Amino acid sequence: MNFFLKYKIKARVLAAALFCPFGVGAILAVETVTLPSAAPGGGSSVLLNEIRLQDCYTNALFPLKAVFIKEIRFRPSPQGGVAFTNTLTLDIRLSTTRAIPEKLSRTFSENPGPDETVVFQGSLELSSKNLGVFDIQIPFTTPFYYNPSKGNLLIDIRNFSGGGPVVDASGNGDDGAGRAFALGADSTEASGADEGVDILQLVISDALRVEPIEILPLSGDFTNSAIAVTLTSSLSNAVIHYTLDGSIPNLSSSVYSDALQFTNSITVRAQAYVGFDAMSEILTSSYRKIYAIADGISAAWRQQYFGPGYLTDPRVVAESDPDGDGATNMEEFRAKTNPLDPLSFFRILEIHPAPVIRWSSVSGVRYRILKRHLNETNWASIGTLIRATSNETFFSDVTEKHNPSLIYQVEVVP
Ligand SMILES: [Ca+2]
Ligand SMILES: [Ca+2]
C-alpha cells in the first residue's frame, strides 16, 4: 500500500505570501512562499516514516528575484496529523533543477541540479500543537541561494528516524509541484513519482539584502597622503566589482582583489556577484581628501580667502605659498596679510639710522623737541609733548636719516 494518503485538494491561485518591497537600508525582509493549492487536506508521511522524498516546486511560485531559502515548515495534516514532540534525524538538500515538478525521474540522482547544497543534516527536535499552522519548522544551517530564473526548486529530504506526524499534502496536477518517493532514507530509486507534494512553507529573504559588502574605512575625510580601502563579502565565492567614477558597477567593472589605495578624493561603488547574479546592494562610499587640518590657522581665515570649499583646496596647506610671495599661508595668517596677493606680505621695508636725542629729565616734567637745519633760523616743534618717566629720556626722530646739518633742542614746558 502506498504510504501516502489520498488527496482531496483543489487548486487555487498560486500566490506568495507577504511580499515586502525592496528598499535601500530597509529592514531585512523575510517572506514566506507557500504552495497555495491546498486548504488543509491530504497527508504525507515524509516525517512519519524512514523515507526518501524529493519535492519539486516550480519557479513560478517565487518572486522574480534571487532569494535565500532559510527554512522549511510543515503543518500537520488534518487527516492523521497530531500534536507531537520528537527528535528526527534528517538530511535535507536543495538545488536548482531543470526537472519538471510533476514529471520527476524515479531515479533520485537524476533530479537534483548541479548546485545541490546540504542545508540541514542531523537531529532536530520538532513539535507541533496541531493547530493547522506551519509550526513544524526546520531552520537551515546553510541558507540556499536560489534564483528562480535559473530553474525549479528541488527539495531532497531523507528521514533516517521517522517519528513525526502525518503532514499536509496536495495531490493536484496543476499546482506546479510534484514529487518522487520511496521508503528507506538511502533509496536510490523511487517507488513512485506523481503530482502529489508536501505542502511546505518556505522562508525566504531577499538575497540582495542578506550579504552586504563590508567596506573599511567607511566614508569620510582623510588627511594623510593616501588612504587604503578594503572590500569584503561574507560569501566566499563572491566576486566584487567596483567603479571609481561614480558609475553603477556591473559585471564589466573592475574586479576587486587587494586593498585600493587612493591619494585623492574618490567615490567607490561596489557590488558582489556570484556568477551573473548580484548578491549585494550597490555600496557607495566617498572619501574626501582635506588639506586644512588643526594646524593653528583659523577656519574663518581660510574661508575668507579660499572660499567655502577650502577644505578640499590644496592651496590651503599651511606650508603652501599660493601667491608666490615667499610667505607661507601660516606666515600670512599670523601677519594678517593676504595669502593670494603677492604684494601683501610682512617684510622690513627699510633700515636706516635716525637721530636720537637723549637728555636728563625729571619724572613728571614735560618736554618739547625742537629742530632746525643749520641754514634755517626758525625752530620747528616736532611730535607731541613728552612726559618724562625717569631721570633720563630719549627721543628718536624717525622722520630723519642721519644728517649733520640738523640741530635739535629740548625745552622744558612749564
Ligand atoms: Ca604667500
Ligand atoms: Ca601674500
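Colleague: How many bridges join β16 to β19?

Modeller: This is a predicted model: local features need pLDDT of at least 70, side-chain atom pairs count only at pLDDT 80 or more, and totals for chains, interfaces and linings use all residues. Residues are numbered from 1 along each chain as its sequence is written, while chains are lettered from A and ligands numbered from 1 in the order in which they are written. Strands count as paired if DSSP finds at least two bridges between them. β16 and β19 run antiparallel, and the number of bridges joining them is 3.

Colleague: Which residue stands opposite V229 in β19?

Modeller: Strands (E, at least two residues) and helices (H or I, at least four) are DSSP runs, numbered from the N terminus. β16 covers residues 227–233. The residue in β19 that stands opposite V229 is L260.

Colleague: Which strands stand at the edges of the sheet β14-β16-β19?

Modeller: This open sheet has 3 strands with antiparallel pairing. Two of its strands have a single partner each, so one side of each is left without a neighbour in the sheet. Those edge strands are β14 (213–216) and β19 (260–262).

Colleague: Is T232 in strand β16 buried, exposed or partly exposed?

Modeller: Buried takes 20 or more other C-beta atoms within 10 Å of the residue's own, exposed takes 12 or fewer, and partly exposed lies in between; C-beta atoms are placed from the backbone. T232 has 13 C-beta neighbours inside 10 Å. So T232 counts as partly exposed.

Colleague: Which residues is T232 in contact with, leaving aside neighbours within four places in sequence?

Modeller: A contact needs C-beta atoms, placed from the backbone, within 7 Å of each other. V317 is 85 residues from T232 in sequence and 34 Å away in space, C-alpha to C-alpha. The contacts of T232 are I213 and E214.

Colleague: What is the strand order in the open sheet of 4 strands?

Modeller: Pairing in this sheet is antiparallel. Its edge strands are β1 (30–34) and β7 (136–146), and each pairs on one side only. The order is β1-β13-β4-β7.

Colleague: Which residue in β7 stands opposite I69?

Modeller: Strand β4 (residues 67–74) runs antiparallel to β7, and 7 bridges join the two. I69 touches L94, P143, F144, Y146, L202 and I204, not counting residues up to four places away in sequence. Opposite I69 in β7 stands F144.

Colleague: Which members of the largest nonpolar core touch the most other members?

Modeller: A nonpolar core is a set of buried Ala, Val, Leu, Ile, Met, Phe, Trp, Tyr and Cys residues joined through C-beta atoms within 7 Å. The largest one has 64 residues. This core draws at least three residues from each of domain 1 (30–206) and domain 2 (211–289). The members that touch the most others are V67, I69 and I240.

Colleague: How many of the residues of strand β3 are buried?

Modeller: In a regular strand the side chains alternate between the two faces of the sheet. Both faces of β3 are covered, with I51, L53, D55 and Y57 on one side and R52, Q54 and C56 on the other. Within β3 (residues 51–57), the buried residues number 7 of 7.

Colleague: Which residue in β10 is the bridge partner of L53?

Modeller: β3 pairs with strand β8 (residues 152–159) in the antiparallel sense over 7 bridges. β3 and strand β10 (residues 177–183) also run antiparallel, joined by 7 bridges. In β10, L53 has as its bridge partner F181.

Colleague: Is the peptide bond from L216 to P217 cis or trans?

Modeller: P217 lies in the loop between β14 and β15 (220–222). Omega for the bond from L216 to P217 is near -10°. That peptide bond is cis.

Colleague: Is K336 buried or exposed?

Modeller: K336 lies in the loop between α3 (329–335) and β23 (356–360). Its phi is positive, about 60°, although K336 is not a glycine. With 9 other C-beta atoms within 10 Å, K336 is exposed.

Colleague: How far apart are the C-alpha centres of domain 3 and domain 4?

Modeller: Domain bounds come from an automatic or database domain assignment. That assignment gives 293–347 for domain 3 and 356–413 for domain 4. Their C-alpha centres are separated by 43 Å.

Colleague: What is the radius of gyration of the chain?

Modeller: The radius is taken over C-alpha atoms, and the globule rule is 2.2 Å times the number of residues to the power 0.38. For 414 residues that rule gives 22 Å. The chain is well over this, so it is more spread out than a compact globule. Its radius of gyration is 44 Å.

Notes
Contact = placed C-beta atoms within 7 Å.
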